[in-house]
Amino acid sequence: MYNLKCDVAVIGAGPAGLAAAAAAKKEGAKSVLIIERDESIGGILQQCIHPGFGLTYFKEELTGPEYAGRFAKEAMELGVEFLMNSMVLEVNEKSGCVLCTSREHGITTVQAGSIVLAMGCRERTRAMIQIPGSRPAGIYTAGTAQRLINRQNEMVGRKIVILGSGDIGMIMARRMTLEGAEVLAVIELMDYLAGLTRNKVQCLDDFGIPLYLSHTITKIEGYQRVEGIYYAAVGEDKKPIPETEKYIACDTLLLSVGLIPENELTRTAGIQINPVTNGPEVNQYMQTSAERVFACGNVVHVNDLADNVSEESIRAGQYAARYVQGRLPKEEKKIRCETGENVRYICPQSLSASGENEKVSLYFRVREPEFGVKIVAHSGAKLLASKKRQRVNPGEMEHLELNLSEIENDTVKISIVREAG
């Protein structure tokens with residue numbers, strides 16, 4: 001058995017893991033080890049060759065590989081170590097032992113002072129949404145198609161229908177069009193966009209690709225290969241309206257129907273999972289219910305921008321290092337973050353009050369679109385913060401900054417309030 005020791009062990013070498021590891025090193029952790037199951041670092045951004053990354057964090061537009069490359073370079077220059085081609089099998093939050101298997105070293109144990117979970121997320125598949133019809137070739141998740149085209153130079157089809165208006169799906173609509181394919185429709189169950197508005201403009205509107213909101217696919221046709229799909233409008237109950245059903249002949253169906261945090265390790269470690277995000281519950285230090293385990297990025301909640309992932313991952317790395325050094329503030333009171341009107345979830349889910357005058361940022365998504373609103377945070381009857389927004393949308397993350405010392409009781413509630421007039 002191969003045995004290693006480190007101050008901070010980071011699971012995942014995507015943008016979250018790289019940012020966390022570099023931050024832990026900067027914070028004074030002597031040894032930081034990233035454990036990665038792939039043979040190369042960069043995570044999902046290796047296949048995201050489109051621009052649009054880094055606009056808020058670096059104040060310039062980068063492609064996915066360029067964005068990940070900056071954090072990879074920084075981590076390597078700081079002396080972060082890497083254990084590649086290694087699959088983590090178990091995290092023991094009490095002992096700090098990470099058990100993994102490596103094709104080079106076999107069964108490997110990593111003894112760490114603190115652990116950062118940065119495993120990212122995965123796509124929902126056809127089996128999860130249960131589309132009726134036959135089981136032909138030509139059905140891919142949007143991310144799988146992206147990898148095949150961008151990293152393996154394999155074209156997946158010529159006449160494309162995309163189910164779901166998530167960001168990957170809209171980006172792949174543009175990518176397939178640029179490769180000479182015909183994207184016939186993007187079909188979305190909800191009556192609002194699932195992804196960023198900028199992606200609808202740049203990827204659908206600019207290329208004349210039709211978007212059908214409040215529609216769904218009712219059946220897939222084809223024996224050996226997809227031959228077409230039936231789709232229909234849905235009512236308020238989200239069930240198809242039979243008389244509206246139409247047919248589109250196509251050879252490929254891409255699914256962009258949501259992302260799920262990779263949390264098998266988190267669950268088996270007994271760490272508390274939030275039922276809405278399906279990620280671990282964390283405080284403002286990105287610390288989970290297991291005190292030595294921190295988490296960041298899409299394994300906690302699915303972010304809309306890589307820039308947001310980097311910011312919270314840097315926090316996770318900093319505080320994971322402080323935990324090892326015994327410098328993490330001692331909790332005097334736990335404050336719960338509660339969702340109010342039209343707020344789906346808040347991250348972090350709790351705040352650890354230590355008596356310090358600390359500013360914290362709460363990130364959240366709304367349940368449904370609204371126009372002309374005010375975002376407010378209350379502690380009991382006391383207004384802590386507010387800001388006006390011309391528009392809020394479930395596909396775009398919102399946030400509020402609060403002063404922890406101003407919170408008087410043990411809860412903070414964020415609500416969306418419609419402006420008068």
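The questions and answers below go through an annotated domain, two sheets and a cavity in a predicted model.

Me: Which residues does UniProt list for "domain: FAD/NAD(P)-binding", and how far apart are the end C-alpha atoms of that stretch?
Reply: The domain comes from an unreviewed UniProt entry, which places it at residues 7-307. Over residues 7-307 the chain is 22% helix and 29% strand. The C-alpha atoms at the two ends of this stretch are separated by 26 Å.

Me: In the open sheet of 5 strands with parallel pairing, which are the edge strands?
Reply: The strands of this open sheet follow the order β10-β17-β11-β12-β13, and their pairing is parallel. An edge strand here pairs on one side only, and the two that do so are β10 (139-141) and β13 (211-212).

Me: Which residue in β17 is the bridge partner of Ile-160?
Reply: Strand β11 covers residues 159-163 and strand β17 covers residues 252-255, and the two pair in the parallel sense over 4 bridges. Within this pairing, the partner in β17 that is bridged to Ile-160 is Thr-252.

Me: At what angle does helix α4 run to β10?
Reply: Helix α4, made of residues 142-150, lies across both β10 and β17. Strand β10 is one of the edge strands of the parallel sheet. Relative to β10, helix α4 runs at about 90°.

Me: Why is one side of β14 and of β16 left without a neighbour in the sheet, and by how much are neighbouring strands turned against each other on average?
Reply: The open antiparallel sheet has 3 strands in the order β14-β15-β16. Both β14 (215-221) and β16 (246-249) stand at the edges with a single partner strand each, so one side of each has no neighbour in the sheet. With direction ignored, the average turn between neighbouring strands of this sheet is 30°.

Me: Which residue in β16 is the bridge partner of Gly-228?
Reply: Strand β15, residues 228-233, runs antiparallel to β16 and is joined to β16 by 4 bridges. For Gly-228, the bridge partner in β16 is Ala-249.

Me: Which helix gives the largest share of the lining of the largest cavity?
Reply: The count is 1 cavity of 30 Å³ or more, and the volume of the largest cavity is about 30 Å³. Its lining consists of Asn-303, Asn-308, Glu-311, Glu-312, Arg-315 and Tyr-363, which by class are 1 nonpolar, 2 polar and 3 charged residues. The largest share of this lining, 4 residues, comes from residues 306-325, that is, from helix α8.

Note on methods: Residues numbered from 1 in each chain as written. Predicted model: local features only at pLDDT ≥ 70, side-chain atom pairs only at ≥ 80, totals over all residues. Heavy atoms only, no water. UniProt positions renumbered as here; feature names shortened; annotations may be inferred. Pairing = 2+ DSSP bridges. Contact = heavy atoms within 4.5 Å. Axes fitted to C-alpha atoms, helices over the stretch in contact; angles between N-to-C directions. 1 Å grid on protein atoms, 1.4 Å probe; cavity = no way out; pocket = protein on both sides within 12 Å on 5 of 7 lines; lining within 4 Å. Points joined across faces, edges and corners; volume = space filled by probe spheres on them. Nonpolar A, V, L, I, M, F, W, Y, C, P; charged D, E, K, R; others polar.
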